[in-house]
Amino acid sequence: AKAVLLNQYFAQSYKGRLIVRFDDTNPTKENCEFEEAILEDLALLGVKGDVMSRTSDYFGDCERFAEQMIRTGQAYCDNTPQERMREERGAGIDSACREQSVDENLRIWQEMLKGSDEGLAYCLRAKIGMQHNNKALRDPVIYRCQLTPHHRTGTRYKAYPTYDFACPIVDSLEGVTHALRTNEYHDRNDQYYWIIEALGLRRPQIWDYSRLNFVYTLLSKRKLQWFVSKGLVSGWDDPRFPTIRGIRRRGLTVEALREYILMQ
């Protein structure tokens with residue numbers, strides 16, 4: 001609610017456009033039901049976007065830009081086991097795959113796109129710097145294979161961009177001037193700008209704002225889902241839930257919520 005109301009406030013104040021985008025980059029965590037629920041919640045808040053889009057509309061562009069980075073030596077395919085990759089990133093140790101030739105990386109990339117047995121063992125990493133003080137810049141993963149069908153694109157794609165790779169690309173292509181992000185993303189801002197620079201894209205401006213946390217209140221969607229699936233609550237609109245429909249059902253008005261957010 002804070003993100004939505006702040007975005008709406010700035011879009012209206014500066015006569016801009018509000019883009020409602022679904023970042024559906026992970027097919028294992030997306031479905032149509034969630035999208036419909038979000039649109040219903042926006043309507044409850046009196047928010048209507050000027051534009052509605054989905055990151056999946058740009059999967060083709062993301063693939064093209066990922067291949068561009070491979071060809072310019074700014075990305076490489078890596079089959080290091082996940083646990084070891086985490087240890088190497090923490091210790092600042094270069095991956096054994098880091099100096100593979102461009103041709104070999106392009107060959108493996110094609111296997112990733114096909115979702116072959118060989119391709120499934122790899123991910124694509126940006127080649128930034130494994131000794132960087134900001135660990136978000138230590139060769140982050142930008143593409144990974146996933147054979148779960150996507151709720152919109154089906155089985156057309158076998159490899160998907162990470163949120164951190166797709167976000168700056170789509171922001172730039174959609175004409176975003178200001179991207180509002182809560183400050184737990186702050187360490188990843190440098191990665192956002194690195195991708196923009198590496199691809200020669202128009203540069204949006206990130207505007208950090210504080211994340212809102214509550215004491216003794218469960219905000220994790222994953223944890224709240226447990227209560228819903230176990231039938232311990234009446235649904236996502238249970239008045240004990242800290243969801244938009246829950247607090248509306250409890251009696252909080254949209255006007256009070258908006259005033260509370262903007263007061264900060």
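This report walks through the strands, spaces and a few individual residues of the structure above.

The structure is a predicted model, in which local features need pLDDT of at least 70 and side-chain atom pairs count only at pLDDT 80 or more, while totals for chains, interfaces and linings use all residues. Residues are numbered from 1 along each chain as its sequence is written, and side-chain values use heavy atoms, with hydrogens and water left out.

## The sheet and the parallel pair

Let us start with the strands. Helices (H or I, at least four residues) and strands (E, at least two) are DSSP runs, numbered from the N terminus. Two strands pair if DSSP finds at least two bridges between them.

Four strands form an open sheet in the order 3-4-5-6, and their pairing is antiparallel. At its edges are strand 3 (75-78) and strand 6 (159-161), each of which pairs on one side only. From one strand to the next, the twist averages 20 degrees; here axes are lines fitted to C-alpha atoms, for helices over the stretch in contact, and angles run from 0 to 180 degrees between N-to-C directions. Four bridges link strand 3 to strand 4 (residues 123-126) in the antiparallel sense. Tyr76, for instance, has Arg125 of strand 4 as its bridge partner.

Elsewhere, strand 7 (residues 178-182) and strand 8 (residues 205-209) pair in the parallel sense, over five bridges. In this pair, Arg181 has its bridge partner in strand 8, namely Asp208. Strand 7 is mostly covered, with four of its five residues buried. Buried means under 20% relative accessible area, exposed over 50%, and partly exposed in between (1.4 Å probe, protein chains only).

## Pocket and cavity

Next come the empty spaces. Rolling a probe the size of a water molecule over the atoms shows where empty space is left. On a 1 Å grid over the protein atoms alone, a cavity is a set of points where a 1.4 Å probe fits but cannot get out, and a pocket is an open set with protein on both sides within 12 Å along at least five of seven lines; lining residues have an atom within 4 Å of a point. Grid points are joined across faces, edges and corners, and a volume is the space filled by probe spheres set on the points.

The second largest pocket has a volume of about 480 Å³. Its lining is made of 16 residues, and those closest to its centre are Gln82, Met85, Arg86, Cys123 and Val141. Helix 4 (82-91) and strand 5 (141-145) are the elements that give two or more residues to this lining. Helix 4 gives the most, with four residues. By class, the lining of this pocket has nine nonpolar, two polar and five charged residues. In this count, Ala, Val, Leu, Ile, Met, Phe, Trp, Tyr, Cys and Pro are nonpolar, Asp, Glu, Lys and Arg are charged, and the others, Gly among them, are polar.

The structure also holds one cavity of 30 Å³ or more. The largest cavity encloses about 30 Å³ of space, and its lining consists of Asp164, Arg181, Arg188, Gln191 and Tyr192. That lining has one nonpolar, one polar and three charged residues.

## Some residues to look up

The table places five residues and gives their relative accessibility.

| Residue | Place | Relative accessibility |
|---|---|---|
| Gln8 | helix 1 (residues 2-13) | 9%, buried |
| Asn26 | loop between strand 1 (19-22) and helix 2 (32-44) | 18%, buried |
| Asp139 | loop between strand 4 and strand 5 | 0%, buried |
| Glu174 | loop between helix 7 (163-173) and strand 7 | 11%, buried |
| Tyr216 | loop between strand 8 and helix 9 (221-229) | 86%, exposed |

Two of these residues make side-chain polar contacts. A polar contact is a pair of N or O atoms within 3.5 Å; within protein, one must be able to donate a hydrogen and the other to accept it, and residues adjacent in sequence count only if both atoms are side-chain atoms. Asn26 reaches the side chain of Thr28 through a polar contact of 2.7 Å. Glu174 has a polar contact of 3.0 Å with the side chain of Arg21.

The backbone offers something to look for as well. Asp139 has a positive phi, near 45 degrees, in a residue other than glycine. Tyr216 is not a glycine either, and its phi is positive at about 60 degrees. Finally, Gln8 and Asp139 are 131 residues apart along the chain, and 35 Å separates their C-alpha atoms.
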